Amino acid sequence: MLDLYRTTLGETAMAHLRHGGIFGASKILCRFSTEATQILTRSLENFADVTPDFEWNDAKPYTEIPGPKPVPFLGNTWRFLPYIGDFKIEEVDKVSKRLHKKYGNVVKIGGLLGRPDMVFLYDADEIERVFRSEEKMPHRPSMPSLNYYKHVLRKDFFGEDAGVIAVHGESWYNFRSKVQQVMLQPRTAKLYIGAVQEASEAFVQRVKKVRNYKDETPDHFLNEIHKWSLESIARVALDVRLGCLDDDAPLETQELIDAVNVFFKNVGVLELKVPFWKLFNTPTWLKYVKALDTIVEITSKHTNAALARTKTKEITGDAKSEPSLLERLLAMDTGVKIATILALDLFLVGIDTTSNAVASVIYQLALHPEKQRKLYEEVSTVLPPPGKPIEAKHVEEMKYLKACIKETLRMYPVVIGNGRCMTKDTVIGGYQIPEGVQIVFQHYVISNQDKYFPGSEEFLPERWMTGRDFNHGVKHAFASLPFGYGRRMCLGRRFAELEMIIVLAKVIQSFKLEYHYDKLDYHIDPMYTPNGPLRIKMIDR
Ligand code: HEM
C-alpha cells in the first residue's frame, strides 16, 4: 500500500515539475498526502484486527467485482465530466439505482483520478457486518478538500484539534471522546426545548409574513427554513439570538447560510470530478476556500462573543438561561480551543442537513393529507396551546410525528449514502476488499426496496409505529440509517431530532399544508431535496 501511494504521489509531483506548473511539487505532494498519511497511520493503529486468512482466501478476488469499466488515462472519472459523462452529481441517486440494477449488490467504481476506488454496497446484512466489526477509529471517506483546508491551508487556526468533520485517526478519536458525552445524551438535548421552541415560533411568524395572497410560500422558502435552522443551532450551541428570522436580520446571517451552501455544493465537485484543485488553484477551489474562510470568520466571531459572555456570567454569577453547549464543554475542562472548533463543525454541517429534512417532511405531509390529518390529531392532543411551553413529556408523546420524520428520511434520506474507508484488508459481500478502498453504503437505494420495507413506494409512517416488530413494516434495522451508525454516527443527531420535532409540531399546529403543483422529483443539491420551488399552501388553522 505504502509503495502504491509513494509511486502515485511521486509520479504526480515529478510530472508537475516537468511541466513547470504554478505550484512546487512539494505543495502538490502535500495536497495528496494528507489523506494518504492518515490512512497509513490508521492502518498501523488497527493492525491487531486482521481478517482471518481462511476467510480472505475463500473470497473472490477484488478484480472480479463487477462495475463500469475504466478507460485508459481518465479511468472512470470521465463519467463525471459535463456533456460526455453519464454520472451527474445532482443525479447520483439515479446513477446508484442504475448501477445496482445492472451489476448487483456489490459494484466497483475503479480508476478514479486522485482518489481511491469506491465499492458501492447495496446489502443491509453486509452493512450490518461492517458496522458491527468497526474498529476504534473508523474512517468516513469524505471531503479530502476540507481535510486539506483544516490540516494544511489553515493549520494555524485548527492545529492538532481540528474537530470531527474530515478528521481521522487519533486526532478524531481524541476530539470526539471529549465532546461526545455532551452532544449525544438525549437528556442534554431536552434541556434546549425552550430555546428551540422560541426559534420555531419565530419561524411560524415568518411564514405568516412571507406567504403570498394565496397563502403559498415563496420560491425561496428553503432559505427561510435555513434561517430557522441557523437560529436554532446558534441558540443551542452558543446561547445567542442571531435574529435570522427578523425583518432586519443581520446581513452576516445570510452570508453564513450562503457560505455553507457554497461549501456543500462544491465539496462533491472537488471530490468526484477531475481533481485539478490538487494541482493548482481552480476557480471552484478558490470559491470553496473563500466560503470556508467566511464560515470560520463569522462563527469565530460569535463563539468569541459567547466566550466573553461566559466569563462575565462567571464573574457576576448571572446564569438565567440554560448553559449553552459551549459552556457545558468549558465546564468539563475541555478547553476553549475544543469548544470553539466544535461550534464551527456544528455550524458547518448542522444547518443544511436539518433544514432540508424539515423541507422534505413538510412537502411529504402536504402531499399526503390523510397522514397530515392523523398527525394534526396527535399534535392537537399532545401539545399545549400556542404560547405555552413545550415540555420533554410532550416531545416524548409525539410518536406519529417521529414516524413521519423517519418515513421521510427512509424514502428521501438527506444524505443518500455513507461510507467507511477500509483500514485493513476485509472480506465484504464475498469479495476481497483491500485496505484503502472506500466502501459506500447506498442507503437511499436500500431503504427504497420492498425486501426491506414492504410497499416501499408508499409513504407509510405507520410502519415505524410497531416498535420492534420488524416483521411488519421494517424488516432490517440496518436498511435505513439516515444518521449513520456506530462510533462516527451523527454527532448532532439528538439536536437535529429535537429541532425537527418541535418545528414540525408548531407548523402542523398552526397551518394546514397543501400542494397544488406538479409533483417534484428529488435531486442532490447538495442534500437530497425536492427539486423545485416549494410552493406550499400554508393555511391558518
Ligand atoms: C436531519 C439532520 C441530519 C442528518 C440526516 C445527518 C446525517 C449525518 C450522517 C449520515 C453523518 C455520518 C455518520 C456516519 O459516518 O456514520 C453525520 C455526521 C455528523 N453530523 Fe449529522 N446529520 C444531521 C444533522 C446534524 C446536526 C444538526 C449537526 C450539528 C448540530 C450534525 C453534526 C454532525 C457531525 C459533527 C458529524 C460528524 C461525526 C463524526 O465524524 O464523528 N448533524 N450526520
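**Helix packing and a few unusual residues**

Let's start with two helices. Helix α8, residues 169–184, packs with α15 at an angle of about 70°, and their axes are 11 Å apart. That angle makes α8 roughly perpendicular to α15. The crossing of these two helices is right-handed. A word of caution before I go on: this is a predicted model.

Which residues of α8 and α15 make the contact? From α8 we have F175, K178, V179 and M183. From α15 we have I338, I341, L342 and L346. Sort them by class. The contact of α8 with α15 has 7 nonpolar residues, no polar ones and 1 charged.

Now stay on α15, but switch partner. Helix α11 covers residues 221–238, and α15 covers residues 336–350. Their axes come within 10 Å and cross at roughly 160°. So α11 is roughly antiparallel to α15, because angles over 145 degrees count that way. This crossing, of α11 and α15, is right-handed.

Here is the list for that contact. On the α11 side, look for S229, L230, I233, A234, A237 and L238. On the α15 side, look for A343, L346, F347 and G350. By class, α11 with α15 gives 8 nonpolar residues, 2 polar and no charged.

Did you catch L346? It is on the list for α8 with α15. It is also on the list for α11 with α15. Find it on the structure in front of you.

Next, the loops around α11. D215 sits in the loop between α10, residues 193–210, and α11. D239 sits in the loop between α11 and α12, residues 251–272.

What is the sign of phi in D215? It is positive, near 65°, and D215 is not a glycine. D239 has a positive phi too, about 55°, and is not a glycine either. Why point this out? Because most residues other than glycine have a negative phi.

Are these two buried or exposed? D215 has a relative accessible area of 24%, so it counts as partly exposed. D239 has 29%, so it is partly exposed as well.

There is another backbone feature, further along the chain. Where is the cis peptide bond? It joins D525 and P526, with omega about -20°. P526 lies in the loop between two strands, β8 at 522–524 and β9 at 528–530. As a general rule, most peptide bonds are trans.

Now a residue with an annotation. C490 is covered by the UniProt annotation "binding site", which comes from an unreviewed entry. Where is C490? In the loop between α20, residues 443–446, and α21, residues 493–510. Its relative accessibility is 29%, so C490 counts as partly exposed.

What does C490 touch, leaving out residues up to four places away in sequence? L184 and F483. Residue 184 takes us back to our opening helix, since α8 covers residues 169–184.

Last stop, K290. This residue is in helix α13, residues 283–316. Its relative accessibility is 61%, so K290 counts as exposed. Compare C490, at 29% and partly exposed. The cut-off for exposed is over 50%.

One distance to finish. K290 and F263 are 27 residues apart along the chain. In space, their C-alpha atoms are separated by 9.1 Å.

To recap: α8 is roughly perpendicular to α15, while α11 is roughly antiparallel to α15. That's my tour. Thank you.

Conventions. Residues are numbered from 1 along each chain as its sequence is written. This is a predicted model: local features need pLDDT of at least 70, side-chain atom pairs count only at pLDDT 80 or more; totals for chains, interfaces and linings use all residues. Side-chain values use heavy atoms; hydrogens and water are left out. Axes are lines fitted to C-alpha atoms, for helices over the stretch in contact, and angles run from 0 to 180 degrees between N-to-C directions. Helices (H or I, at least four residues) and strands (E, at least two) are DSSP runs, numbered from the N terminus. Angles under 35 degrees count as roughly parallel, over 145 as roughly antiparallel, 65 to 115 as roughly perpendicular and the rest as oblique. A crossing is left-handed if the near helix is turned anticlockwise from the far one by less than a right angle, and right-handed if clockwise. Contact means heavy atoms within 4.5 Å. Ala, Val, Leu, Ile, Met, Phe, Trp, Tyr, Cys and Pro count as nonpolar, Asp, Glu, Lys and Arg as charged, and the others, Gly among them, as polar. UniProt positions are given in the numbering used here, feature names are shortened, and annotations may be inferred rather than shown by experiment. Buried means under 20% relative accessible area, exposed over 50%, partly exposed in between (1.4 Å probe, protein chains only).
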